[in-house]
Amino acid sequence: MAATQEVTRNLIEWRNGNEAAIEKILPVVYSELKRSARRNLRRERADVSIQTIELINEAYLKLVDQRESDWQNRAHFFAVAARVMRNVLVDHARSRQFAKRGGGATKVSTDEVLIASPERDVNVIDLHEALTNLSKLDERKSRIVELRYFGGLSVEETAEVMGISGITVKREWLKAKAWLYQALHEK
């Protein structure tokens, strides 16, 4: 709890112009980004060309560019990091797909997320498009999937970021997984 409060305090200080504040939390931020990057890349096929360090560095640089963001707490910061990593992975998959003229889109394993699918891999671009479509119907469900899947946030952290109860997160998570299962299998 104290570490979480320290990260929150330093994020706010950094946003307010204290350059030294980011240095204090850099090891924590790096560690969390590394954990999230490894989890995301574990879901990918073996022939993926992006490495953990590349994903971390790209995500970190994009997060640093968002200095003006109104970081409310550690969970909010890592929620933004989840979106950034999702975008990096989708951009990478698109560039690979473009380079191969439409073939070989990056696959992401749904082992941990648990989109109820008999298949172990889902095309990251298809998942991104399905989440975009879900957000048009229900932004909250889409955001929950993004936070839990790409950000690796717990039910409690997701609830804190979204300002809803943990039971609501669980209920919406189950509905979102069912919706995504159907959307991904209609293709």
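Lys177 sits in helix α8, which covers residues 166–185. Helices here are DSSP runs of H or I with at least four residues, strands are runs of E with at least two, and both are numbered from the N terminus. With a relative accessibility of 14%, Lys177 counts as buried; buried means under 20% relative accessible area, exposed over 50%, and partly exposed in between, using a 1.4 Å probe and protein chains only. Its C-alpha atom is separated by 9.7 Å from that of Ser142, although the two are 35 residues apart along the chain.

A quick word on the model: it is predicted, so local features need pLDDT of at least 70 and side-chain atom pairs count only at pLDDT 80 or more, while totals for chains, interfaces and linings use all residues. Residues are numbered from 1 along each chain as its sequence is written, and side-chain values use heavy atoms, with hydrogens and water left out.

Now for the overall layout. The chain has eight helices and two strands, and along the sequence they follow the pattern α-α-α-α-β-β-α-α-α-α. Of its 187 residues, 45% count as buried. Contact means heavy atoms within 4.5 Å, and residues 24 or more positions apart account for 65% of the contacts with a separation of 6 or more.

Back to α8 and its partner. The axes of α6 and α8 come within 9 Å and cross at roughly 95 degrees; axes are lines fitted to C-alpha atoms, for helices over the stretch in contact, with angles from 0 to 180 degrees between N-to-C directions. That makes α6 roughly perpendicular to α8, the word for angles of 65 to 115 degrees, whereas under 35 is roughly parallel, over 145 roughly antiparallel and the rest oblique. On the α6 side the contact includes Arg140, Ile144 and Arg148, and on the α8 side Trp173, Ala176 and Leu180 are among the residues involved.

Helix α6 is mostly covered, with nine of its twelve residues buried. One of them is Glu146, at 1% relative accessibility. The side chains of Glu146 and Arg143 are joined by a polar contact of 2.5 Å. That term means a pair of N or O atoms within 3.5 Å; within protein, one must be able to donate a hydrogen and the other to accept it, and residues adjacent in sequence count only if both atoms are side-chain atoms. Setting aside neighbours within four places in sequence, Glu146 also touches Ala82, Arg83, Arg86 and Gly151. Just after α6, Gly152 takes a positive phi of about 70 degrees.

Two helices can be set side by side for their spans, where the expected value is 1.5 Å times one less than the number of residues.

| Helix | Expected span | C-alpha end to end |
|---|---|---|
| α2 | 34 Å | 34 Å |
| α6 | 16 Å | 16 Å |

Both also have an N-terminal cap. Asn18 caps α2, with a side-chain oxygen 3.0 Å from the backbone nitrogen of Ala20, and Asp138 caps α6, with a side-chain oxygen 3.2 Å from the backbone nitrogen of Arg140. Helix α2 has a kink of about 50 degrees at Ile25, shortly before the proline Pro27; the bend is the angle between axes fitted to the seven residues ending there and the seven starting there.

Finally, there is Thr8 in helix α1. Thr8 is buried, at 14% relative accessible area. Thr8 and Arg74 are 66 residues apart in sequence, yet 5.1 Å apart in space, C-alpha to C-alpha.
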